[in-house]
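Do you have your viewer open and a selection box ready? Let's take a walk through this model together, one selection at a time.

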Amino acid sequence: MNDTQDIYTEPYPIDTDTLAHLGPLRGMAGIWQGTRGLDIKPKAEGPKKQAYVERIELQPIDPQTNGPQLLYGLRYHTHITKPDQRKTYHEQVGYWLWEPATGSVIHTLSIPRGLVALASGQTTADATTFELLATQGLDTFGICSAPFLHHAFKTTEFRITVTLHPEDGTWSYEQDTVMQIQGRDEPFHHTDRNVLHKIAEPTPNPLARG
């Protein structure tokens, strides 16, 4: 968090080439596909394993400012299906943001079932692995659900670990969505993991296109 008393003045000048200032997120920019995802989800009869295929597009956005705060980031869209099916299994949109001044990574996510979350973690610009966390009930970096999900499948914590693999140009993630399910005493750990392979390069952000 910026401690300056001047909360209005924006930094100047700003380098507008987002791809050059994404820090640990640089290796995630582009369009990716993962064909061996594994989802462990809750069902009435118990946990169920489900394979999935994922396409995720992460495109650089223009630098963002909140007064003196400066953020570089990627806008993303994730589309997931079951193998050999066209029907959407999961869809998600949001942003990955990097704040160079504080070494903060911020991940926003929104899913079309009535849930949003804001997760954050600290790392370095050259890191090849980092972890982010959101916790339900907090004013910052929290989780908010629509009434049915809050009642029946309340998400209390969201944690994601990203690992970049420079040796082959891929990246992977492991995430744990902790849920308090109606009628169950113990929290359920809804987990997902996948390895993403690049299928297209990113498009430079608007201000960097000349």
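The tour below goes from strands to a pocket, then to charged pairs and a few backbone details. Keep in mind as you look around that this is a predicted model.

**Stop 1: strand β5 and its neighbours**

Begin by selecting residues 104-111, which make up strand β5. Is this strand mostly covered or mostly open? It is mostly covered, with 7 of its 8 residues buried.

Now add strand β4, residues 88-99. β4 and β5 run antiparallel and are joined by 7 bridges. To see one of these pairings, pick Y95, whose bridge partner in β5 is T108. The hairpin of β4 and β5 has 4 residues between the strands, and G103 takes a positive phi there, near 65°.

Next, bring in strand β6, residues 115-122. β5 pairs with β6 in the antiparallel sense too, over 8 bridges. Select I111 and you will find it opposite L115 in β6. In the hairpin of β5 and β6, 3 residues sit between the strands, and G114 has a positive phi near 95°.

**Stop 2: the largest pocket**

Keep I111 selected and add H90, R113, H190 and D192. Of the 32 residues that line the largest pocket, these five are the closest to its centre: H90, I111, R113, H190 and D192. The pocket holds about 870 Å³ of space.

Which strand gives the largest share of the lining? Strand β10, residues 170-181, does, with 5 residues. If you colour the lining by class, you will see 18 nonpolar, 8 polar and 6 charged residues.

**Stop 3: strand β7, a strand with two faces**

Select residues 129-135 for strand β7 and show the side chains. Which of them point to the buried face? F130, L132 and A134 do, while T129, E131, L133 and T135 point to the other face and are not buried.

Add strand β9, residues 153-165, and you have the antiparallel partner of β7, paired over 7 bridges. Click on T135 here: its bridge partner in β9 is E157.

**Stop 4: charged pairs**

How many salt bridges does a search of the whole structure find? There are 4. In general, side chains of opposite charge can pair when their charged atoms come close.

Stay with E157 and select R159. Their side chains meet in a salt bridge, at 3.3 Å from N to O. E157 is partly exposed, with a relative accessible area of 23%, and R159 is partly exposed at 27%.

Another pair to select is E57 and R55, whose closest N and O atoms are 3.7 Å apart in their salt bridge. E57 is partly exposed at 26% relative accessible area, and R55 is partly exposed at 39%.

Then move to E201 and K198, a salt bridge with its closest N and O atoms 3.3 Å apart. E201 counts as exposed, at 54% relative accessibility, whereas K198 counts as partly exposed, at 33%. Before leaving the charged pairs, select E131, E157 and R159 as a group: salt bridges that share partners join them into one network.

**Stop 5: A29, a meeting point in the chain**

With E201 still on screen, select A29, in the segment before β1. The two residues are 172 residues apart along the chain, yet their C-alpha atoms are separated by 7.4 Å. A29 is buried, with a relative accessible area of 0%. Leaving out residues up to four places away in sequence, A29 touches L19, L22, L58, L74, K198 and P202.

**Stop 6: backbone details**

Most residues other than glycine have a negative phi, and most peptide bonds are trans. Here are some places to look for something else.

- Select Y12 and P13: a cis peptide bond joins them, with omega about -5°. P13 is in the segment before β1.
- Select D84, in the loop between β3 and β4. D84 is not a glycine, but its phi is positive, at about 65°. D84 counts as exposed, at 84% relative accessibility.
- Select F141, in the loop between β7 and β8. Phi is near 50° at F141, a positive value in a residue other than glycine. F141 is partly exposed, with a relative accessible area of 30%.

Terms used: Residues numbered from 1 in each chain as written. Predicted model: local features only at pLDDT ≥ 70, side-chain atom pairs only at ≥ 80, totals over all residues. Heavy atoms only, no water. Buried < 20%, exposed > 50% of the residue type's maximum accessible area, 1.4 Å probe, protein only. 1 Å grid on protein atoms, 1.4 Å probe; cavity = no way out; pocket = protein on both sides within 12 Å on 5 of 7 lines; lining within 4 Å. Points joined across faces, edges and corners; volume = space filled by probe spheres on them. Nonpolar A, V, L, I, M, F, W, Y, C, P; charged D, E, K, R; others polar. Pairing = 2+ DSSP bridges. Contact = heavy atoms within 4.5 Å.
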